[in-house]
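Could you use a guide for a first walk through this structure? Open your viewer, and follow the stops below one by one.

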Amino acid sequence: MAGQLIVFEGIEGAGKTTQLQRAAAWLRSQVAVPVLTTREPGGTLLGQELRHLLLKVRDTDEIAPRSELLLYASDRAQHVEQYLKPNLAQGAIILCDRYTDSTLAYQGYGRQLDLELIRQLNAIATGGLTPNLTFWLDLDPEIGLQRITERGAPNRLEQEALDFHQRVRAGYMALAQNHPQRIIHLDAIAAADDLEREIRAILQTRLSEKLCESFPKKLSKN
């Protein structure tokens, strides 16, 4: 692919969406190629419908773990074919809020479903499309859930018990250990401005190395 897929991951309340938007705004001021933002679930029209199904709070008819897994896989398959691959082929930089690591962390470690099954489903849904870089914003789940509570109206996953979110964090830790070249660990307890500067510095280094010939503009940290 000509473009770059950069993913932001983390537990609830880690601030990944905020940092993704800040990074996108900065990149747009630095490079001459399209900089796009998207999310999973919900990056396509079908995905928006699936996102509503997945995150809606329910009093009855709770989604079974395997059903949840397959819904996320459906969202991803549509997202990859309809949005990610076409835009990457045109040379875009895409910043994505969650991708395959989320499914391994949440459905694998959190729901305790079979990890190999999830890897196989991810491979089918992505058609082999892997991120060029992943930022993992790491945070103590108790702090993350407190942030969510202060924000108000938690969704279905945000309402899960603390031990679920602790397992999810442990999953991210394991993934980061297994993929140290791709997954960048960031301490999400840091101030938002400090995190933003750290992410800019990493993007400057990684993108300058990989795409410097494609960028008429010079990347800077300022």
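## Stop one: a pair within one helix

Select R119, which is partly exposed, with a relative accessible area of 39%. Keep in mind as you look around that this is a predicted model. Now add E116, also partly exposed because its relative accessibility is 42%. The two side chains meet in a salt bridge, 3.8 Å from N to O. Both residues belong to helix α5, where they sit 3 residues apart, about one turn of the helix.

## Stop two: a strand and a helix

Next, select D138 and R169. Their side chains form a salt bridge as well, at 2.8 Å from N to O. D138 is in strand β4 (residues 133–138) and R169 is in helix α7, so this pair ties together parts that are 31 residues apart in sequence. Is D138 buried or exposed? With a relative accessible area of 7%, D138 is buried. Its partner R169 is partly exposed, at 22%.

## Stop three: a link between two loops

Move on to E160 and R111, another salt bridge, whose closest N and O atoms are 2.9 Å apart. This one connects distant parts of the chain: E160 lies in the loop between α6 (141–151) and α7 (162–178), while R111 lies in the loop between α4 (100–110) and α5 (115–126), 49 residues apart. R111 has 19% relative accessibility and so counts as buried, whereas E160, at 22%, counts as partly exposed. Add E62, E68 and R156 to your selection, and you have a network of salt bridges that also includes R111 and E160. How many salt bridges are there by this rule? The count comes to 18.

## Stop four: helix α1

Select residues 16–28, the 13 residues of helix α1. At 1.5 Å a residue they should span 18 Å, and the end C-alpha atoms are indeed 18 Å apart, so the two values agree. Colour K16, Q19, L20, A23, A24, W26 and L27, which are buried. Then look down the axis of α1: the buried residues fall within an arc of 165 degrees, so they line one face of the helix.

## Stop five: the nonpolar cores

From here, select L95. Leaving aside neighbours within four places in sequence, L95 is in contact with residues including L20, A23, A24 and L27, and also with I6, F8 and V35. L95 is among the residues with the most contacts inside the largest nonpolar core, together with I6, F8, I93, F135 and L203. That core has 44 residues. Apart from it lies another core of 11 residues, among them L5, V7, V80 and Y83.

Note on methods:
Residues numbered from 1 in each chain as written. Predicted model: local features only at pLDDT ≥ 70, side-chain atom pairs only at ≥ 80, totals over all residues. Heavy atoms only, no water. Helix = DSSP H or I, 4+ residues; strand = E, 2+ residues; numbered from the N terminus. Expected span 1.5 Å × (residues − 1). Buried < 20%, exposed > 50% of the residue type's maximum accessible area, 1.4 Å probe, protein only. Arc of directions from axis to C-beta. Core = buried A, V, L, I, M, F, W, Y, C linked by side-chain atoms within 4.5 Å. Contact = heavy atoms within 4.5 Å. Salt bridge = Lys/Arg side-chain N within 4 Å of Asp/Glu carboxyl O.
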